Amino acid sequence: MEAFLQEEQRDGTRWSWNIWPTSRLEATRMVVPLGCLYTPLMKVSTPLLNYEPVGCKSCHGIMNPYCMVDVQGKLWVCGFCYQRNQLPPQYMNINETTLPAELIPNFTTIQYSLPARTAALPPIFLYVVDTCLDEPNLAQLKDSILMSLSMIPENALVGLITYGTTVQVYELGFTECPKSYVFRGNKDVAAKQVQQLLGLNAPPAVAPNAPRPAAPLPQQNRFLRPFKEIELSLESIIDELQRDPRPVKNDKRPLRATGVALAVAVGLLETSYPGTGARILTFVGGPCTQGPGMVVSEELKEALRSQNDIVKDKAPHSTKATKYFESLANRAVNSGHTVDIYACSLDQVGTLEMRYLVKKTGGLLVQADEFDTPMFKQSFQKIFARDEQHEHNMAFNATLEVQTSRELKVCGAIGHCASKNKKTSSVAETEIGIGGTSAWRICGLDSHSTLALYFEVVNQHSNPIPTGQRALVQFLTTYQKPNGQRIVRVTTVSHSWAPGEDPKEALMMGFDQEAAAVLMARIAVYKAETEEAFDVMRWLDRMLIRLANKFATFEKDNPATFSLSSNFSIYPQFMFHLRRSPFLQNFNNSPDEVTFYRYMLNRENVMHSLTMIQPTLDAYTFGGAPVPVLLSATSLLPDRILLLDTFFAVVIFRGENIAQWVKAGYATDPKHENFRLLLQAPRIDADALIKDRFPVPRFIECDQHGSQARYVLAAIDPSVTHMSGGAGGSGVDPVFTEDVSLEVFMDHLKKLAVSSS
């Protein structure tokens, strides 16, 4: 495990298998696919080189530490296609002791700053604001927007669109008074219409190597202006924003034209700044009720679609709205623009239908109850925060390309990206996720953005791999920083092949059960988008049984002899909790909530994803320091405090005795200082978790037997239930549920894995 973590810290990669099978036949027997979780912008100690990378003239792979270099003949051999390449003139003075940085063995990840062949354009922030909010919410939203304006890069271009019954595009270049162009909210607007109605000229055609014009056309500058030039007038406009003037009857919803507003935003950017880093920050306070993208009608008597409505095909607007927002997402991807959604409402807002806007563009999705909650305000502030180097944690208009050695091919990616449909020799016939390509566009990236990439071994069993030969995979990420600088990050990973004769032991040593659980969870969630949850869980069960049958040690038909090695022992536990998680169990979760949970799983790294799948539980007692305890009903004791972290919520759970002592006032009694410190300890740790988390999780304090204790009871293993008869005098309260416990789950797994039938 230590070696797996070291590779993650060095290169930002975690592999399900760290020793790879030598043939397609052996790879199919491993059950869990060969996959990798890659974080392109993970903060690693790597040099930044101020020149372009050296590529192979045949396969375009980038020179790396695993290439063979002939310093005498000034040649290097590509590790992917074995093509001999001439070293560039600037490398002519190298020798065995003075190698360039990209050939030093420790620098398997390295970054290049590309020369500015084109005039660097600043990032663009286009605010799309819902004005159908109540006054307190709108006031809080305006405060948050003004706060963000004070934190964006000084040279950034800024635009403003508001929407309600109509859509208004503000001409920020007109400083005499607020001036806006109004679009009807019940009619779709194509990009050509946006261009004509706003008086925009089409962007000039630019040759691939020609410099981009230093400044955009004057007409385009009227709506997207440098912030430092319009700071006072923009802040004045935002301060004076009012609620949508159309009166709303008690039996009606506000007319909200979310679809048209996003169409105008996408059209404005794609006709003005195609291929330039831009973010559309969309603030949504309720569902779209008119025009394209409508999720529900204006009439309150029509309820918003539920999970059952979708399953039974009784959601009349959902499919049409989803297709509409997906078409907008495709247009944004083609222009390299990111769409963020900040949905704050006590009811659903239509995140399910709008999901492709954030999934395909790599945008951010934040859900909260209202715009005045810490969940929104603190999360929104973190987006614009700067690190120690005074840089923003965001990148724009990125692409990721994968190059593999001949024995491997890439099946696809699961994450927030879109296919570039690039067919190369590295593309596999089998597709997992977004496949059929070796390159993906990621319009928005940050240090948490993680993609799952899946591979297959195509080498035939009859073609043994020479001893000592290693497999290579290279990730090439190109992105734009907020200052307009173009960066290329090259990560080259090498792993050894398993012995051809008896690969089982070697494969077992290289199995990373944490990465494997997350990779399988992403496949399950991807399947759940189009398949029934029951079928997905059956698939997970079959894969787990096959894996246990392959790698466990046992005597046939004797479950008592079943045993898994330490590299596999926790994997069934992860699958048990995944089956019970909101990613697959829709009960008591709205379609928007499920969409948000799945979005976060497909975005985060291994550690955070595991917390979502199997929450962590720590116990605090008078006996000493906090200790991790089992995520089980047996941990709910009356004289301890528990801290539960589900990633989406941080819960402090006080046992029955602790809660009674608090009510008795012992926490404020100077004679009970130790009790006060005990109560304070989980709060300090909870604050630390919340501080480092994005989005900010929900914080809950509850007592045993209180109403909010349901957050804990829903997450734990029901090892003691009203049916098990295990409560008795053990002091453990039973959990009232029909779910099976981990113990019963493992007993069934053992029986099925050792069965000879």
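# Why these labels? Helices, sheets and burial in a predicted model

Q: How do the axes of helix H7 and helix H9 sit relative to each other?
A: This is a predicted model, and in it the axes of H7 (residues 258-272) and H9 (residues 318-335) come within 10 Å and cross at roughly 15°.

Q: Why is H7 called roughly parallel to H9?
A: Angles under 35 degrees count as roughly parallel. The crossing is at roughly 15°, which makes H7 roughly parallel to H9. As for handedness, the crossing of H7 and H9 is left-handed.

Q: Which residues in H7 and H9 meet?
A: On the H7 side you'll find Gly 259, Val 260, Leu 262, Ala 263, Val 266, Gly 267 and Glu 270. They meet Tyr 324, Phe 325, Leu 328, Arg 331, Ala 332 and Ser 335 in H9. Sorted by character, the residues of this H7 and H9 contact come out as eight nonpolar, three polar and two charged.

Q: What makes H3 roughly parallel to H11?
A: Same kind of check, with the cut-off for roughly parallel being under 35 degrees. The axes of H3 (residues 135-149) and H11 (residues 374-383) cross at roughly 15° and come within 10 Å, and that angle makes H3 roughly parallel to H11. H3 passes H11 in a right-handed crossing.

Q: Which residues make the contact of H3 and H11?
A: H3 brings Gln 140, Leu 141, Ser 144, Ile 145, Met 147 and Ser 148, while H11 brings Phe 376, Lys 377, Phe 380 and Gln 381. That set splits into five nonpolar, four polar and one charged.

Q: Why does Ser 144 count as buried rather than exposed?
A: Buried means under 20% relative accessible area. Ser 144 has 4%, so Ser 144 is buried. This serine lies in helix H3 and touches Phe 376, Lys 377 and Phe 380, leaving out residues up to four places away in sequence.

Q: Why is Ser 496 called partly exposed?
A: Buried is under 20%, exposed is over 50%, and partly exposed is in between. With a relative accessible area of 28%, Ser 496 is therefore partly exposed. Ser 496 lies in strand S22 (residues 486-496). Setting aside residues up to four places away in sequence, Ser 496 touches Ile 19, Trp 20 and Arg 470. And Gln 469, though 27 residues from Ser 496 in sequence, is 7.3 Å from it in space, C-alpha to C-alpha.

Q: Which sheet does S22 belong to, and where are its edges?
A: S22 is part of an open sheet of seven strands, in the order S3-S7-S22-S21-S16-S19-S18, with mixed pairing. S3 (48-49) and S18 (418-419) are the edge strands, since each pairs on one side only.

Q: How do you know that S21 and S22 pair?
A: Pairing needs at least two bridges between the strands. S21 (residues 470-480) and S22 have eleven and run antiparallel. For a landmark, look at Thr 478, which stands opposite Val 488 in S22.

Q: What makes S1 and S17 edge strands?
A: Their sheet is an open one of four strands, ordered S1-S2-S20-S17, with antiparallel pairing. S1 (13-15) and S17 (408-414) each have a single partner strand, so one side of each is left without a neighbour in the sheet. On average, neighbouring strands here are turned by 25° against each other, direction ignored.

Q: How do you know that S2 and S20 pair?
A: The bar is at least two bridges, and five bridges join S2 (residues 34-38) to S20 (residues 451-457), running antiparallel. One of them to look up: Leu 37, whose bridge partner in S20 is Ala 452. Helix H1 (residues 2-11) packs on this sheet and touches S1 and S2, its direction making about 145° with that of S1.

Q: Why is strand S9 called mostly covered?
A: A residue is buried under 20% relative accessible area, and seven of the seven residues of S9 (residues 157-163) are buried. In a regular strand the side chains alternate between the two faces of the sheet. Here one side holds Leu 157, Gly 159, Ile 161 and Tyr 163, the other Val 158, Leu 160 and Thr 162, and both faces are covered. S9 runs parallel to S8 (residues 124-130), joined by seven bridges, and Asp 130 has Tyr 163 as its bridge partner.

Q: What makes helix H15 mostly covered?
A: Eight of the ten residues of H15 (residues 571-580) are buried, among them Tyr 571, Phe 574, His 577 and Arg 580. The buried residues pack against H13 (513-528), H14 (533-551), H17 (606-613) and H21 (742-754).

Note on methods. Residues are numbered from 1 along each chain as its sequence is written. This is a predicted model: local features need pLDDT of at least 70, side-chain atom pairs count only at pLDDT 80 or more; totals for chains, interfaces and linings use all residues. Side-chain values use heavy atoms; hydrogens and water are left out. Axes are lines fitted to C-alpha atoms, for helices over the stretch in contact, and angles run from 0 to 180 degrees between N-to-C directions. Helices (H or I, at least four residues) and strands (E, at least two) are DSSP runs, numbered from the N terminus. Angles under 35 degrees count as roughly parallel, over 145 as roughly antiparallel, 65 to 115 as roughly perpendicular and the rest as oblique. A crossing is left-handed if the near helix is turned anticlockwise from the far one by less than a right angle, and right-handed if clockwise. Contact means heavy atoms within 4.5 Å. Ala, Val, Leu, Ile, Met, Phe, Trp, Tyr, Cys and Pro count as nonpolar, Asp, Glu, Lys and Arg as charged, and the others, Gly among them, as polar. Buried means under 20% relative accessible area, exposed over 50%, partly exposed in between (1.4 Å probe, protein chains only).
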